[in-house]
Every structure is written in structure tokens, then in C-alpha cells.
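Let's take a walk through this chain together, with the structure open beside the text. Have your viewer ready, and click on residues as they come up.

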Amino acid sequence: MTTAAAIRRAFAGRWQGAFAFDGPGINARGDRDGNIPDAVFDVPAVRDAAVLVPLVDRPDGMTVLLTQRTAHLAAHGGQISFPGGRVEPEDTDAVATALRETEEEVGLAPTQVEVVGRLDTYYTRTGFRVVPVVGLVHPPFFLQPDPSEVQEVFEVPLAFILDPDSRQRQSREFKGALRHFWVFPYNERYIWGATAGMLVNLCDVLGVSG
């Protein structure tokens, strides 16, 4: 079973470049990985954002906390995502953005989060440059989702995410071309896109390859 101590060790060496969006020592991945570059993916990354990858330290095993966005949202409505959002002028760094947005979206207080490191900067086809901030969350904690943004908050066992058999590489035609992306089907849920790509990155850091 993956423990909080093991996660801290895995991320101990991933502070190079701290929480910058790019620069020396900052690796990157994104929606275009495994796809033929074209106009759909050739979108300038002009909007910086950060998300929190919350790993909940439950007594019966670590879980990953995720949200399902409300269906009416113009961007990615109904999709499963990590809590997070755009960088605001008052944010001192990506950690500040991730913690602020998480508190606004689901009500999780920053004091409940132990930041342990980061994943690779993720570039989305919609022009976002995202820093995924990884944090341990220690129960008990209280959540109060914002109903205007979040339909539901739920947890997925980390053991499921780390199982190579849980992930799939799927394809779909989009704007006249075949697009490839990662998927984690979990019960009735369909975790895909940037969120799934970040989860694959998490598996890589924790030493599990598919």
C-alpha cells in the first residue's frame, strides 16, 4: 500500500524549479502528446493556471480527491477534474493559486493540505499552461462545494489509479482528425483528458508505468 511517507520520498527530488511554469528543470507534457501537431493543438499557452492533486491519507488506503464540474459551465462542463483554476494577480505562485482555487471550489482549507511537490507542467489544447501541485490531505476535514462550479466531490482509491490495467489509451475523431488521449474508467465515471494525463504523470513519479 502506498503510504504518505512513500509519497513524500517520491516527491522529495521534484522541487527543482520550485513551482515555476517553465524554465530550467521544468518538464512538460500535454494534450498534444501522441497526437500529430496541427491547428487544433497549435494554441498559444497564454493563460496560466494551477490545480491541486489532493491525495487523501485514509486509514484504509490513500485516495485521490476529484470533482465533477457542473454541466452548465462553458468550459469543460460535466467533466471530472482536479480543483484549481487561473492564476490571479494576488497569487504569489502556483501553490497559492491551487490552494485558493481549491478552497473556493470545494471548501478545503489550505491548512489541511501538506504540499509535497509538483508534477510536470501540463499544456492543454485550449491554451492553458497548468502546474499540478501535489498535496497530502489529512482527515478529518470539512468540504463545502460551490454549487455554481462543482456538482460533486468524490474520491478514487490511489491503488486503482496506480494499477496499470486501470488506464486506457483511447481515440476519438475531433475536427476531422483522430485524437488520442488517456482514460481512467472508474465505475460509472469517465476520467479523461488533462486530468487523466496528470494522473499518468503521478503514476510515473510513484514508479508505476503502464
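What follows moves from the whole chain to its cores, its salt bridges and a few single residues.

## The chain as a whole

Please keep in mind that this is a predicted model. The chain has 210 residues, and 46% of them count as buried. Its secondary structure comes to four helices and twelve strands. Among contacts with a separation of 6 or more, 67% are between residues 24 or more positions apart. The accessible surface is about 10,000 Å², and carbon and sulfur atoms account for 53% of that.

## Helix H1 and the cores

A good place to start is helix H1, which spans residues 4–11 and has Ala4, Ile7 and Phe11 buried. These three cover an arc of only 60° around the axis, so they sit on the same side of H1. The general pattern behind this is that an α-helix has 3.6 residues a turn, so residues three or four places apart point the same way.

What do the buried residues of H1 pack against? Their partners are four strands, E2 (47–58), E3 (61–69), E6 (113–118) and E8 (128–137), together with the helices H3 (158–162) and H4 (193–205). Ile7 gives a closer view: leaving aside residues up to four places away in sequence, Ile7 touches Thr2, Leu55, Met62, Val116, Leu136, Leu158 and Leu206.

In soluble globular proteins, nonpolar side chains tend to be buried together. Here, the largest nonpolar core has 35 residues, and Ile7, Phe11, Leu55 and Leu158 are those with the most contacts inside it. At least two residues of this core come from each of H1, E2, E3, E8, strand E9 (150–157), H3, strand E11 (177–186) and H4. H4 supplies the largest share of this core, seven residues. There is also a second, separate core of 16 residues, with Ala50, Val106, Val133 and Val137 among them.

## Salt bridges

How many salt bridges does the count come to? The count is ten. Three pairs are listed here with the distance between their N and O atoms.

| Pair | N to O distance |
|---|---|
| Glu114 and Arg8 | 2.7 Å |
| Arg29 and Asp120 | 3.1 Å |
| Arg189 and Glu188 | 3.9 Å |

The pair of Glu114 and Arg8 links distant parts of the chain, since Glu114 is in strand E6 and Arg8 in helix H1, 106 residues apart. Glu114 counts as partly exposed because its relative accessibility is 26%. Arg8, at 33% relative accessibility, is partly exposed as well.

Arg29 lies in strand E1 (residues 28–30), while Asp120 lies in the loop between E6 and strand E7 (121–123), so this pair ties together parts that are 91 residues apart in sequence. Asp120 is buried, with a relative accessible area of 9%.

In the third pair, is each partner buried or exposed? Arg189 counts as buried because its relative accessibility is 13%, whereas Glu188, at 64%, counts as exposed.

Beyond these pairs, a network of salt bridges links Asp91, Arg100, Glu101 and Glu104.

## Two residues of helix H2

Glu105 has its place in helix H2 (residues 94–106). Glu105 is buried yet has no salt bridge. Why does it have none, when Arg69 is the nearest side chain of opposite charge? Arg69 is 5.1 Å away, and a salt bridge needs a nitrogen within 4 Å of a carboxyl oxygen, so the pair does not qualify. Not counting residues up to four places away in sequence, Glu105 touches Pro83, Gly84, Gln144, Pro145, Asp146, Glu149 and Val150.

Thr102 is found in helix H2 too. Its relative accessibility is 1%, so Thr102 counts as buried. With the same sequence neighbours left out, Thr102 touches Leu52, Pro83, Gly107 and Leu108.

## Val113 in strand E6

Our last stop is Val113, which lies in strand E6. Val113 is buried, with a relative accessible area of 13%. Which residues does Val113 touch, not counting those up to four places away in sequence? They are Leu52, Leu99, Leu108, Gly135, Leu136 and Val137. Val113 and Leu52 are 61 residues apart along the chain, and their C-alpha atoms are separated by 9.5 Å.

Notes: Residues are numbered from 1 along each chain as its sequence is written. This is a predicted model: local features need pLDDT of at least 70, side-chain atom pairs count only at pLDDT 80 or more; totals for chains, interfaces and linings use all residues. Side-chain values use heavy atoms; hydrogens and water are left out. Buried means under 20% relative accessible area, exposed over 50%, partly exposed in between (1.4 Å probe, protein chains only). The arc is that of the directions from the helix axis to the C-beta atoms. Contact means heavy atoms within 4.5 Å. Lys and Arg count as positive and Asp and Glu as negative; His and the chain ends are not counted. A nonpolar core is a set of buried Ala, Val, Leu, Ile, Met, Phe, Trp, Tyr and Cys residues joined through side-chain atoms within 4.5 Å. Accessible areas come from the Shrake-Rupley method with a 1.4 Å probe; for residues, only the protein chains shown count as cover.
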